[in-house]
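Welcome to a short set of exercises with worked solutions. Keep the viewer open and try each task before reading on.

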Amino acid sequence: MTRNLSLFLVIAVALASACGGGAEGEKKTTSGKAISNSSRATPLGNSDPGRCDATGADREISEYDTTGDNVPDVRKVFMKVGAVPFSRLVMICREADVNGDGDKDVVRYYNDEGRPVREEADRNFDGKMDEITVYENGRIVLVELDADHNGIVDSKTFFEGGRPARSEKDTVGRSTTTEWKPDRWEYFEHGRMVRMGTDVDGDGRVDRWDRNEELRKQLDQEHGGSDTPAPTDDDAQADG
């Protein structure tokens, strides 16, 4: 787990540096070099087809070697927006091979304005995406995680103002790929959990609440009150 986390941290730095600058011609980054930039709608550098949609005459691809082994591990796909002579390139997708096995493990999608809308990550490098991050106006609003890597979401964390506000978890495996059935609800204030509700009998409603009143008072004193609204029936059923 520590090795995987370290790999993700390394590639995150590489992605950040590779994102800088425009898309005209060949670009260099602080952590590597651009292999090429082409208007061809096919992957460059190796046989990995990638996860970004690079098809279409309006797409351009740029690949980067961020590790210095002359093998591209970061790929960016750009889309031409607007009519000539006012057309421009906007990055719509970026993907990275985190562990150097030739498969892309992290992919982030952008809208026409260049803002992120969704990111998918394969945390255990089994070829299946197990973490999904959703953005609105460039900020994280939701993270879905498949912690046991069985193809079914185990937890959903909702963000407000860039910080976690509440989390829903399926700790007993009742959910399916089409139906979400959480049995635990967690509420955060200033990024720290102050209350947790648990559905014991599986009816979808909270049966037991656990609260950290001491922490909540401490946070209120430090920050001048709660930053998380009180839960409603839509959030986690009736408060106890």
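**Exercise 1: a charged network**

Which residues are linked with Asp53 in a network of salt bridges?

Solution. Bear in mind that this is a predicted model.
- Step 1. Recall that side chains of opposite charge can pair when their charged atoms come close.
- Step 2. Here the network links Asp53 with Asp58 and Arg59.
- Step 3. For context, a search of the whole structure finds 14 salt bridges.

**Exercise 2: the overall picture**

Describe the chain in terms of its secondary structure, burial and contacts.

Solution.
- Step 1. Start with the elements: the chain has 13 strands and 3 helices.
- Step 2. Turn to burial: 40% of the 240 residues count as buried.
- Step 3. Look at the surface: about 13100 Å² is exposed, and carbon and sulfur atoms supply 48% of this area.
- Step 4. Finish with the contacts: among those with a separation of 6 or more, 32% are between residues 24 or more positions apart.

**Exercise 3: the core**

Which residues make up the largest nonpolar core, and which strands each supply at least two of them?

Solution.
- Step 1. The core has 8 residues, namely Cys52, Ala54, Ile61, Val77, Met79, Ile92, Cys93 and Val107.
- Step 2. At least two residues of this core come from β3 (74-81), and at least two from β4 (88-96).
- Step 3. Now select Met79 and leave out residues up to four places away in sequence: Met79 then touches Asp58, Arg59, Arg88, Leu89, Val90, Ile92 and Asp112.
- Step 4. Compare the lists: Ile92 is a core member and also a contact of Met79, while Asp58 and Arg59, which Met79 touches, belong to the network of Exercise 1.

**Exercise 4: the disulfide**

Which cysteines form a disulfide, and what is its handedness?

Solution.
- Step 1. A disulfide is a covalent bond between the sulfur atoms of two cysteines.
- Step 2. The count comes to 1 disulfide; Cys52 and Cys93 form it, with their sulfur atoms 1.9 Å apart.
- Step 3. The torsion about the S-S bond is about -75°, so this disulfide is left-handed.
- Step 4. Place the partners: Cys52 lies in the loop between β1 (33-38) and β2 (59-65), whereas Cys93 lies in strand β4, so the bond ties together parts that are 41 residues apart in sequence.
- Step 5. Check burial against the cut-off of under 20% relative accessible area. Cys52, at 8%, is buried, and Cys93, at 3%, is buried too.

**Exercise 5: salt bridges from strand β3**

Which partners do Lys80 and Arg75 have in their salt bridges, and are the residues buried or partly exposed?

Solution.
- Step 1. Lys80 meets Glu60 in a salt bridge of 3.9 Å, N to O. This pair links strand β3, which holds Lys80, to strand β2, which holds Glu60, across 20 residues.
- Step 2. Lys80 is partly exposed, with a relative accessible area of 38%, but Glu60 is buried at 14%.
- Step 3. Arg75 pairs with Glu95, and their closest N and O atoms are 2.6 Å apart. Arg75 in strand β3 and Glu95 in strand β4 are 20 residues apart.
- Step 4. In this pair, both residues are buried.

**Exercise 6: a polar contact in strand β10**

What joins the side chains of Glu168 and Trp180?

Solution.
- Step 1. Find Glu168 in strand β10 (residues 163-169); Glu168 is buried, with a relative accessible area of 9%.
- Step 2. A polar contact of 2.8 Å joins the two side chains, Glu168 and Trp180.

**Exercise 7: backbone exceptions**

Where is there a cis peptide bond, and what is the sign of phi in His149 and His190?

Solution.
- Step 1. Most residues other than glycine have a negative phi, and most peptide bonds are trans.
- Step 2. The cis bond joins Val84 and Pro85, with omega about 10°; Pro85 sits in the loop between β3 and β4.
- Step 3. His149 has a positive phi, near 60°. His149 belongs to the loop between β8 (139-145) and β9 (155-160) and is partly exposed at 32% relative accessible area.
- Step 4. His190 also has a positive phi, of about 55°. The loop between β11 and β12 holds His190, which is buried at 13% relative accessible area.

Technical notes: Residues are numbered from 1 along each chain as its sequence is written. This is a predicted model: local features need pLDDT of at least 70, side-chain atom pairs count only at pLDDT 80 or more; totals for chains, interfaces and linings use all residues. Side-chain values use heavy atoms; hydrogens and water are left out. Helices (H or I, at least four residues) and strands (E, at least two) are DSSP runs, numbered from the N terminus. Buried means under 20% relative accessible area, exposed over 50%, partly exposed in between (1.4 Å probe, protein chains only). Contact means heavy atoms within 4.5 Å. Accessible areas come from the Shrake-Rupley method with a 1.4 Å probe; for residues, only the protein chains shown count as cover. A nonpolar core is a set of buried Ala, Val, Leu, Ile, Met, Phe, Trp, Tyr and Cys residues joined through side-chain atoms within 4.5 Å. A disulfide is a pair of cysteine sulfur atoms within 2.5 Å. A polar contact is a pair of N or O atoms within 3.5 Å; within protein, one must be able to donate a hydrogen and the other to accept it, and residues adjacent in sequence count only if both atoms are side-chain atoms. A salt bridge is a side-chain nitrogen of Lys or Arg within 4 Å of a carboxyl oxygen of Asp or Glu.
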